[in-house]
There are 2 protein chains.
Amino acid sequence: MELDERKKKILQAVIKNYLETGEPVGSRTISKYTDLNLSSATIRNEMADLEELGYIFQPHTSAGRIPTDAGYRLYVDDMLSGKQEELSQKNRKLEEQEETLKNMQEIMDKRVDRIEEVLKDMAKMLANNTNYTSMVSMPQANKNRLKFVQLTQLDEGKLLCTIVLEGNIVKNEMIKISQNLDQQVLLSLNLLFNNKLNGLTLQEINFDMAANMADQAGEYGALVTEIINAVVATIGSADGIEIFTSGATNIFKYPELSDNGNASRLISTLEEKEKLTELLTDSLEEIGENTTGIQVYIGEETPVNSMKDCSVVTATYEFEKGVYGKIGIIGPKRMDYEKVLAALKSVTGNLDKTFKKEKDEG
Amino acid sequence: MELDERKKKILQAVIKNYLETGEPVGSRTISKYTDLNLSSATIRNEMADLEELGYIFQPHTSAGRIPTDAGYRLYVDDMLSGKQEELSQKNRKLEEQEETLKNMQEIMDKRVDRIEEVLKDMAKMLANNTNYTSMVSMPQANKNRLKFVQLTQLDEGKLLCTIVLEGNIVKNEMIKISQNLDQQVLLSLNLLFNNKLNGLTLQEINFDMAANMADQAGEYGALVTEIINAVVATIGSADGIEIFTSGATNIFKYPELSDNGNASRLISTLEEKEKLTELLTDSLEEIGENTTGIQVYIGEETPVNSMKDCSVVTATYEFEKGVYGKIGIIGPKRMDYEKVLAALKSVTGNLDKTFKKEKDEG
DNA sequence: GTTAGCACTCTTTTGATTTGAGTGCTAACA
DNA sequence: TGTTAGCACTCAAATCAAAAGAGTGCTAAC
């Protein structure tokens, strides 16, 4: 069976209507509210075909039709491929009305130095604006370049190691050491580290280099190794990427996400965050090819189990050359994809611009 | 009407039974499962009195009785006043069985330097252990003493200010400055700051002192003022106290907390955190008198609106001399107060010990 | 002061019935 | 051959009535 133009139109109509109402849509509705001028009986026949093709289904006999994951997929792909321009146009107007852009600018201006504040606010704004749940990942530190390292003696046997990455992300680590150092030694260690490590990414700091530096440090070799390990651990580390979420309670607006203990499972995933990593790192690599950096997971497509009834849309922003973070929306499968896509594009666009600008200035 | 011994016993029995079952408890149950040896009819008479006194009520005619807030209050006060010893004994045994203490020790040993990690883990453990929601506040930075300040020139026009508080809490702040500084000036500024500010709490850094320092700095006076402001802002600041929560989804285990949109409101409060501040700062002052540092809010007593159907128990831990943080449990009014009190005591005890030990070492 | 007994109340459960939306199929039509 | 009107059928959801069950309050007797 073919998916001819008419079927496609009917499918579109079914999906659109379902997105708006959340109710299964029947043949009569389609017959009335489209310009196809077909009787409900004809529509019924077509819908039966569409069901056979796997794009829609009935929750039970004598109910209207609901899109399947495949149906949504077709719909979204269509949207992503063709009509982006007009959509984003249409939505930009919407946003201006809602003063979203102004909000965003405010957030951005507030404190560019505190990226995590910016990102948190951004997530909050997105959640409020879309009525879905949002999440943001910090730029991946381990791809970022080291800009500056400083060691300070704090107490007996304790060094404070301050690490600054490109883009002025600051991290601190306390290192316990066995020997005490005088000011002079500390100074030369600082020099050594900054000379050797600055400009490198985590991945570029390898074993050979560490050994080499340890050699150079003579009697402080062991200490140097210790510190390098600490630095690597701090940047790279087990803690993984940081993720902020916002608007978790929006899921209560969609019964299909909150009934039957779904709410608990979902919120639990959001609280623990580990699982979100899969959504927000997964494909950072692929960016080169996928020019938009936008990814849509529909229902069963998501790698996260508790989100099998959700759709997830993620977008990538660039913090530094080659250093990416992601921002995402979690909502019901019947989410307003147009709005979400537009919102994400707008936000990532703004983030890109802001970080770039910030860099050019500093 | 008097609250004689017998009435008190019956009230106790009602509450205890309700805590266990969550169901309204009838006269027959009490008659059977206590050593009072009274018929259900007698119990009924007594219960009618207790209802008149405001300690219990019926959700509807022909239902058993449920404790009122006042009833719980009596019960909890009784517990807090008298029998603590035996209780904590009893519970300690319980905990040992569950290897809770071992867990706690592990968490503590892990990384004493990263208090926030310790506290987060602690919150998680508490939530898992009690099946309620837990929250922890970081020690209040603005009561803490400054230990060390360091300025570093990062970019043109940008200083990185690293602030270390007593107990090795590290904060970073980026300061934009209008003039550029050479290494020498930076060094003397660093000296100036450390000389003047170290050992002070936020509250002790006042306007006079700032002015005085600005004077001393000569041509860099404006800059000094700028930096002091930034330091004060960073420590004190708008961000308020940091709070971690854990086990939010435990509320789904108690219908009275999750039905009718209660879940949404509660989780929203937990997500936004601002409101929790009231629970976790409020009475830090009173510690001196209240030796246990434990506070119980029952139902309407809580200052947080979305928690009017909850009970909240908080306990205070001491991070540094005079620097406190709080740790709390949020659950249904019919929570297992014994268990919660014991768990909180055990945790704060351990925190106190750990931080003290850490300090003695370092 | 305590208790047995009983009528009464109110929620919860169960089952039966009705209603309504929407379908699939058939037969007629252009 | 594609379209449509018409009708029987299905199934979820709403409505209603009846029954069951838990527990009370009150009265009268011990």
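Which residues in α7(A) are buried? Ile115(A), Val118(A), Leu119(A), Asp121(A), Met122(A), Ala123(A), Lys124(A), Met125(A), Leu126(A), Ala127(A), Asn129(A) and Thr130(A) are. Keep in mind that this is a predicted model. Here's a quick tour of that helix, two unusual backbone spots, a helix pair in chain B, the DNA surfaces and the contact between the chains.

**Helix α7 of chain A**
- α7(A) is mostly covered, with twelve of its 16 residues buried.
- From first C-alpha to last, the helix reaches 22 Å, close to the 22 Å expected at 1.5 Å a residue.
- Just after α7(A) comes Asn131(A), with a positive phi of about 65 degrees.

**Two positive phi values in chain A**
- Some background first: most residues other than glycine have a negative phi.
- Asn131(A) goes the other way, with a positive phi of about 65 degrees although it is not a glycine.
- You'll find Asn131(A) in the loop between α7 (115–130) and β3 (133–137) of chain A.
- Asn131(A) has 15 C-beta neighbours inside 10 Å, so it counts as partly exposed.
- Lys273(A) is another non-glycine residue with a positive phi, near 70 degrees.
- Look for Lys273(A) in the loop between α12 (262–272) and α13 (276–280) of chain A.
- Lys273(A) is partly exposed because it has 17 other C-beta atoms within 10 Å.

**A helix pair in chain B**
- Helix α1 (residues 5–21) and helix α3 (residues 40–52) of chain B have axes that come within 10 Å and cross at roughly 90 degrees.
- α1(B) and α3(B) are therefore roughly perpendicular to each other.
- On the α1(B) side, the contact is made by Arg6(B), Lys7(B), Ile10(B) and Leu11(B), while α3(B) brings Ile43(B), Glu46(B), Met47(B), Asp49(B) and Leu50(B).
- Sorted by class, the residues of this contact are five nonpolar, no polar and four charged.

**Around DNA strand C**
- DNA strand C is surrounded by 19 residues, and the closest are Gly26(A), Ser62(A), Thr42(B), Thr61(B) and Ser62(B).
- At least two residues of the surface near strand C come from each of α2 (27–33) and α3 (40–53) of chain A and α3 of chain B.
- α3(A) gives the most to this surface, with four residues.
- The class breakdown near strand C is six nonpolar, ten polar and three charged residues.

**Around DNA strand D**
- DNA strand D also has 19 residues around it, the closest being Thr61(A), Ser62(A), Gly26(B), Ser27(B) and Ser62(B).
- Two or more residues of the surface near strand D come from each of α3 of chain A and α2 (27–32) and α3 of chain B.
- The largest share near strand D, four residues, belongs to α3(B).
- By class, the surface near strand D splits into six nonpolar, ten polar and three charged residues.

**Where chain A meets chain B**
- The two chains touch through 24 residues of chain A and 25 residues of chain B.
- On the chain A side, β4 (146–155), β5 (158–165), β6 (169–176) and α12 each supply at least two residues.
- That side of chain A has ten nonpolar, ten polar and four charged residues.

Notes
Residues are numbered from 1 along each chain as its sequence is written. Chains are lettered from A and ligands numbered from 1 in the order in which they are written. This is a predicted model: local features need pLDDT of at least 70, side-chain atom pairs count only at pLDDT 80 or more; totals for chains, interfaces and linings use all residues. Axes are lines fitted to C-alpha atoms, for helices over the stretch in contact, and angles run from 0 to 180 degrees between N-to-C directions. Angles under 35 degrees count as roughly parallel, over 145 as roughly antiparallel, 65 to 115 as roughly perpendicular and the rest as oblique. Two residues are in contact if their C-beta atoms, placed from the backbone, lie within 7 Å. Ala, Val, Leu, Ile, Met, Phe, Trp, Tyr, Cys and Pro count as nonpolar, Asp, Glu, Lys and Arg as charged, and the others, Gly among them, as polar. A residue is near a molecule or strand if its C-beta atom, placed from the backbone, lies within 6 Å of it. A residue is buried if 20 or more other C-beta atoms lie within 10 Å of its own, exposed if 12 or fewer, and partly exposed in between; C-beta atoms are placed from the backbone. The expected span of a helix is 1.5 Å times one less than its number of residues.
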